[in-house]
Amino acid sequence: MDTSRLLRTTGTVIAAAGLLLSGCTSGGSGEPGAAAASLPSAPPSPDAAALRPYYAQELTWRDCGVPGFQCSTMKAPLDYANPGSGQDVDIAVSRRTATGPGKRLGSLVVNPGGPGGSGIGYLQAYAGIGYPAAVRARYDMVSFDPRGVERSSPVECLSGPAMDKYTQVDQTPDDAAERAELVTAFKEFARACEAKSGRVLPHVSTVDAARDMDLLRGVLGDQKLNYVGASYGTLLGATYADLFPDRVGRLVLDGAMDPARPALELNRDQTEGFETAFTSFAKDCAKQPDCPLGKGDPDAVAARLKEFFRKLDAQPVASGDPDRPLGEALATTGVIAALYDESAWPQLREALSSAMNGDGSGLLSLADSYYEREADGKYANLMFANAAVNCLDQPAAFTGPEAVDTALPSFEKASPVFGAGLAWAALNCTYWPVKATGKAKELTAKGAAPIVVVGTTRDPATPYKWAQALAGQLESGTLLTYDGDGHTAYGRGSECIDTAINRYLLEGKAPQDGKKC
């Protein structure tokens, strides 16, 4: 999620991009929906005969075209329940080797979130060059595009022009015709994914990705997995720990999700999270001379934004793209995109001011960054992979439009501004062509080494209570709290947070449970 790559390059946040997706649409990262995982009781042993060749493979590293980084491709079984079928998926991997000085500590695998965020993009644009020098000196920095994502047997769905139309569909339907249009859009999206990606759709769950991550650990030659996951990456990391507790090295789960909460609750919680973030923005905006939403308390500011959205619903404004005027749907996405990181607040004020004066290009740019739409009209597969993983990880939030009607009051209570749109966005998994294989479930990782769970008190995408919940579920979980705004905490300017995490990664000393920064 970024604007002109703003958030992504600061490193706050491909992770962020991720989870709005999860929170907004699916039954489970706004762009829509959040996910939880279901875990089989006994994962196949990596020593099983059919899996042995996968763990024995050797990676051939090559130049990536990005200075300092190498790339490779790892084979993984398409279906872990039938690894001897001969059907594989390609998992793209990248690394930057430890720079020294100091004794090498192995590999540090990083994941930016999503689901659907490119780990390789995150590594090469931020983690591999922006993580603390002391960490990069001692670890090979490694990431991968999870199965279904970008370079790894990607899920494909709509064409660029079709996605342009999809992102403009009204997600606050006012009548039967608009409801039918929204349902049709979700069904067409699902059908396109099935038509283009039917082979991989049943096999892109978080559990599948966690097993790939253990395969990567083995192929890299590490006895234990050292890992930093942000946003949805915390669910991936916690799932790994629950599946392979004896292989847990140093795990940091930053901007944590709660795997025990079903999709409906996750979406409603995230709706509340964006309201919290907007309240922080509104308080700040009212103090600024260029605040386009005026003065007054946050409720008054919110009311003005909601009225602006209502006007756009009735009459979109020009955006510089005649095929994509700024209507309510794109404007809402643009605002939500900027709420991931308080450093984007000045840009949001400017974009809102321009839109209120008839120029929607700024908010459109924010929305495009959220959807990973390039200037040439092509989209990354973030939205496609996001839906595919979320809809597989647990049952849909809603059974149909009538169920949304029932839940609307609770969503609008959670957020008067965003509630209705986020509730309707969570309808998308209802029409998914593959039945969910997972369900909400506590993850305990019994017997694992200490795991650091990080929560930000006013995180918009992963509410703080999720971090509290995950730290409580994990047998060895220790909670580290950042009292602040924005999505995730590591590398965002808190010396207290960074010092605690760096010490854990470099020395293995987890911060005291309950430490606050």
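This is a short guided walk through a few places in the structure above, which is a predicted model.

Let us begin with open space. The second largest pocket holds about 380 Å³. It is lined by 21 residues, and those closest to its centre are K165, Q168, V169, D170 and E181. Four helices each give two or more residues to this lining: α6 (160–166), α7 (176–197), α11 (298–314) and α12 (328–338). Which of the elements gives the largest share? That is α7, with 6 residues. Sorted by class, the lining of this pocket is made of 11 nonpolar, 7 charged and 3 polar residues.

From the pocket we can step to α6, one of the helices in that lining. Helix α6 is also home to D164. Is D164 buried or exposed? Its relative accessible area is 12%, so D164 is buried, because buried means under 20%. Even there, the side chain of D164 has a partner: a polar contact of 2.5 Å joins it to the side chain of Y379. Beyond its neighbours within four places in sequence, D164 is in contact with R324, R373 and Y379.

One of those contacts, R324, leads us to a different residue, S319. You can find S319 in the loop between α11 and α12, two helices that also help to line the second largest pocket. S319 has a relative accessible area of 6%, and therefore it is buried. What does its side chain reach? The side chain of S319 comes to 2.5 Å from the backbone oxygen of R324. The side chain of S319 also reaches the backbone nitrogen of D321, at 3.3 Å. Setting aside neighbours within four places in sequence, the contacts of S319 are R324, P325, L326, G360, S361 and L364.

Another residue to look at is W424, which sits in helix α17 (residues 419–425). With 3% relative accessibility, W424 counts as buried. Now compare positions along the chain with positions in space: W424 and D170 are 254 residues apart in the chain, yet their C-alpha atoms are separated by 9.6 Å. D170 is a residue you have already met, one of those closest to the centre of the second largest pocket. Leaving out residues up to four places away in sequence, W424 touches Q171, T172, P173, R179, L182, F186, P401, V404, D405 and L408.

Next comes a helix to examine as a whole, α13. How far apart should its ends be? Helix α13 covers residues 345–356, which makes 12 residues, and at 1.5 Å a residue it should span 16 Å. Its end C-alpha atoms are indeed 16 Å apart, so the two values agree. The span is reckoned as 1.5 Å times one less than the number of residues. Which residues of α13 are buried? They are W345, L348, R349, A351, L352 and A355. An α-helix has 3.6 residues a turn, so residues three or four places apart point the same way. The buried residues of α13 pack against α10 (263–285), α11, α12, α14 (361–371) and β9 (477–485). Just after the helix, G358 takes a positive phi of about 95°.

That brings us to the backbone. Most residues other than glycine have a negative phi, and most peptide bonds are trans. Where does this model depart from that pattern? S153 has a positive phi near 45° and is not a glycine. S153 is found in the loop between β5 (139–144) and α6, and at 19% relative accessibility it counts as buried. T488 is also a residue other than glycine with a positive phi, near 75°. T488 lies in the loop between β9 and α19 (495–507) and is buried, at 3% relative accessibility.

Cis peptide bonds are found here as well. One joins G100 and P101, with omega about 5°, and P101 lies in the loop between β3 (88–96) and β4 (106–111). Another cis bond runs from G114 to P115, with omega near -5°. P115 has its place in the loop between β4 and α4 (119–130).

How values were computed:
Residues are numbered from 1 along each chain as its sequence is written. This is a predicted model: local features need pLDDT of at least 70, side-chain atom pairs count only at pLDDT 80 or more; totals for chains, interfaces and linings use all residues. Side-chain values use heavy atoms; hydrogens and water are left out. On a 1 Å grid over the protein atoms alone, a cavity is a set of points where a 1.4 Å probe fits but cannot get out, and a pocket is an open set with protein on both sides within 12 Å along at least five of seven lines; lining residues have an atom within 4 Å of a point. Grid points are joined across faces, edges and corners, and a volume is the space filled by probe spheres set on the points. Ala, Val, Leu, Ile, Met, Phe, Trp, Tyr, Cys and Pro count as nonpolar, Asp, Glu, Lys and Arg as charged, and the others, Gly among them, as polar. Buried means under 20% relative accessible area, exposed over 50%, partly exposed in between (1.4 Å probe, protein chains only). Contact means heavy atoms within 4.5 Å. A polar contact is a pair of N or O atoms within 3.5 Å; within protein, one must be able to donate a hydrogen and the other to accept it, and residues adjacent in sequence count only if both atoms are side-chain atoms.
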